[in-house]
Amino acid sequence: YGRRSGIMQVRIISRGLLPETVRTMNNRPTSHGTELLLAFNMGSTTLKVAAFEAARPGHSLFRLTVVLASGETCGSGAVPPQLQAFEPHMDVTDIVTQVVSHAAAPGQVVAMLAHRIVHGGRLRGPRWLTDEILQELEELESLCPLHQPPALEIVWHLRALWPELPQAGLFDTSFHLDQPALASTYALPAPLRAQGVVAHGFHGL
């Protein structure tokens, strides 16, 4: 995950989503402090978080893994003290609330949230998580029941608490959409393939 979270940040910036688009979307001054991007990787048993300076792609300020069952954490970099331990079986929405609330040190401000989401269907590249995109992603939950629902749950939760914060999604499936037919075609009858049944790879970020 450590390497992948860096790639998430680079991909977002390389497509112009940071920092100018963040400033335009929020229509707010940027004199609050150094802008931070928080990247979330919601798994079935852990939550992984990485914090970056928006202007320094690939350079993480801290990385944190939370084991959801025990509340134990491991991390690297300048992990804030409020994020170094959590209660066992703590609701993940409470955990991400604490992360966003305490990630920024004095002189810093959280400017954007990014989420690794397993299934993006037809979506390519990073996307802003609008109502329309989120609805489309929810329709794919049955294809990835252990990862997709909890990942989207924290997106909705953070939107409710911080509606001014733009959120972007990056999809494992996007990485595999350009596979050659030899890699993406199942040995199935042509009518089924015509309905869009293709082979996807995952964990590709």
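Me: Where is Ala151 placed?
Reply: Start with how the elements are named: helices (H or I, at least four residues) and strands (E, at least two) are DSSP runs, numbered from the N terminus. On that scheme Ala151 is in helix 5. Keep in mind that this is a predicted model, in which local features need pLDDT of at least 70, side-chain atom pairs count only at pLDDT 80 or more, and totals for chains, interfaces and linings use all residues. Residues are numbered from 1 along each chain as its sequence is written, and side-chain values use heavy atoms, with hydrogens and water left out.

Me: Is Ala151 buried or exposed?
Reply: The idea is relative accessible area: buried means under 20%, exposed over 50%, and partly exposed in between, with a 1.4 Å probe and protein chains only. Ala151 has 3% relative accessibility, so it counts as buried.

Me: Which residues is Ala151 in contact with, leaving aside neighbours within four places in sequence?
Reply: A contact means heavy atoms within 4.5 Å. With those neighbours set aside, Ala151 touches Met42, Arg116 and Ile117. You can also check C-alpha distances: Leu47 is 104 residues from Ala151 along the chain, and their C-alpha atoms are 9.6 Å apart.

Me: In what order do the strands of the sheet come?
Reply: Pairing comes before order: two strands pair if DSSP finds at least two bridges between them. Here 7 strands make an open sheet in the order 4-3-2-1-5-7-6, with mixed pairing. Strand 4 (73-77) and strand 6 (127-128) are the edge strands, each pairing on one side only.

Me: How many bridges join strand 1 to strand 5?
Reply: There are 8, between residues 34-42 and residues 108-117, and the two strands run parallel. Helix 5 (residues 148-161) packs on the sheet, where it touches strand 1, strand 2, strand 5 and strand 7 (167-171). For its direction, axes are lines fitted to C-alpha atoms, for helices over the stretch in contact, and angles run from 0 to 180 degrees between N-to-C directions. Helix 5 makes about 155° with strand 5.

Me: And which way does strand 2 run beside strand 1, parallel or antiparallel?
Reply: Antiparallel, with 7 bridges between them. A hairpin of 3 residues links the two. Leu38 is a handy marker: it stands opposite Ala51 in strand 2 and opposite Leu113 in strand 5.

Me: Why is strand 1 called largely enclosed?
Reply: Because 8 of its 9 residues are buried. Helix 3 (residues 92-102) lies across strand 1, strand 2 (46-53), strand 3 (60-67) and strand 5, at about 160° to strand 1.

Me: What does the side chain of Gln84 reach?
Reply: A polar contact is a pair of N or O atoms within 3.5 Å; within protein, one must be able to donate a hydrogen and the other to accept it, and residues adjacent in sequence count only if both atoms are side-chain atoms. The Gln84 side chain reaches the backbone oxygen of Val79 at 3.0 Å. Gln84 is in the loop between strand 4 and helix 3, and is partly exposed at 44%.

Me: Where does pLDDT stay under 50?
Reply: pLDDT is the predictor's confidence in each residue, from 0 to 100. It stays under 50 over residues 1-7 and residues 18-31. Where pLDDT is low, don't read the predicted coordinates in detail. The chain's mean pLDDT is 84, with 81% of residues at 70 or more.
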